Amino acid sequence: MNESKLREKVSIVLVEPQSPGNVGMVCRAMKNMGFKDLRIVRGCRTDHSDARRLAVSARDLLDGAVRFDSLEQALADVEISIATTRRLGKYRQEVMNPDEVVAKLSQRIGSGRSAFVFGREDNGLTTHELSLCRWQATIPASDDYGSLNLAQAVLIFCYELTRGLREGAPAAKARELSDTHEMEALYNHMEKTLLDIGFLDPSNPSHLMRTLRRILSRAELDSREVAVLRGVMSQVEWAAGAAAEKRLP
């Protein structure tokens, strides 16, 4: 697959962008690097004059952007999703630099769709939104002022990916991983089962589920493996129900 075709397999996802001008500049940054698929989750208007003015010659990307009501919907067909974040913390671990992400992604790009996810200009992505993504990445910046403009961040990741594609061809046959829709179905099934058997705290199931998400994200499951784990959950549910029936008087 040539470089242009590989770029078509990469999406840029903006979650609730606040400035139409920033969206326009994101379109320009994407077109500079040859990327075309822009997805927007809620957020500001894209038909605003500032968006069109700052998109310059990339207004076709602005007009072609697809809007979604949730990040889950925007990532439904995505195999590898990369959440970008500036903050680190308990649920923001194993965060890669752009070059590390590209090196890892170059082994898989082309086998399925990939997406870079960018958060709100003022406070980025929520912990829940981060948990929907397979990997996390950050741009090393000054400790005194580490906040980058949205379009600048998009440009840096697109540039690093373009450079990575030119420096080496991706693997010819990468294992096809499960997409976000399949993984979210697994997580929902797992959460329900683990609540039913009393493993999760009903008042805060997300606490342990975030850890399980990180474990399974590192495992990089394919569709068959997801089906096996869902089969395990179904058997656990059946066994728990059978055990409860035996205890009945």
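**Exercise 1. Which residues of H2 are buried?**

Solution. The model is predicted. Go along the helix in order. Pro20, Gly21, Asn22, Val23 and Gly24 are among the buried residues of H2. Further along, Val26, Cys27, Ala29, Met30 and Met33 are buried too. Now set this against the length of the helix. Ten of the 14 residues of H2 are buried, so the helix is largely enclosed by the rest of the structure.

**Exercise 2. Check the span of helix H2 (residues 20-33) against 1.5 Å a residue.**

Solution. Start with the expected value. The 14 residues of H2 should span 20 Å. Then take the model: the end C-alpha atoms are 20 Å apart, which agrees. Finally, look just past the helix. There Gly34 takes a positive phi of about 90°.

**Exercise 3. Describe the largest nonpolar core and find which helix gives the largest share of it.**

Solution. The largest nonpolar core has 40 residues. Those with the most contacts inside this core are Ile12, Leu14, Leu38, Phe116, Phe118, Val154 and Leu161. Helix H8 (residues 150-167) supplies the largest share, eight residues. A second, separate core has 15 residues, including Val13, Phe68, Ala83 and Ala115.

Next, take Leu14 and set aside its neighbours within four places in sequence. Its contacts include Val23 and Val26, both of which are buried residues of H2. Leu14 also contacts Leu38, Arg39, Ile40 and Val41. Phe118, Leu150 and Val154 complete the list.

**Exercise 4. Compare the settings of the salt bridges Asp50 to Arg53 and Glu160 to Arg163.**

Solution. Take Asp50 and Arg53 to begin. Their side chains meet at 3.3 Å, N to O. The two residues are three apart in helix H3 (residues 49-55), so about one helical turn separates them. Asp50 is partly exposed, at 29% relative accessible area.

Now turn to H8. The closest N and O atoms of Glu160 and Arg163 are 3.0 Å apart. Both residues lie in helix H8, three residues apart, about one turn. Buried means under 20%. Glu160, at 16%, is therefore buried. Arg163, at 35%, counts as partly exposed.

**Exercise 5. Which helices hold Arg213 and Glu184?**

Solution. The side chains of Arg213 and Glu184 meet in a salt bridge of 2.9 Å, N to O. Arg213 lies in helix H10 (residues 206-219) and Glu184 in helix H9 (residues 180-196). The pair therefore ties together parts that are 29 residues apart in sequence. Arg213 is buried, at 10% relative accessibility. Glu184 is buried, at 10%. Elsewhere, salt bridges that share partners join Glu16, Arg42, Arg120 and Glu129 into one network. The structure holds 15 salt bridges.

How values were computed. Residues numbered from 1 in each chain as written. Predicted model: local features only at pLDDT ≥ 70, side-chain atom pairs only at ≥ 80, totals over all residues. Heavy atoms only, no water. Core = buried A, V, L, I, M, F, W, Y, C linked by side-chain atoms within 4.5 Å. Buried < 20%, exposed > 50% of the residue type's maximum accessible area, 1.4 Å probe, protein only. Helix = DSSP H or I, 4+ residues; strand = E, 2+ residues; numbered from the N terminus. Contact = heavy atoms within 4.5 Å. Expected span 1.5 Å × (residues − 1). Salt bridge = Lys/Arg side-chain N within 4 Å of Asp/Glu carboxyl O.
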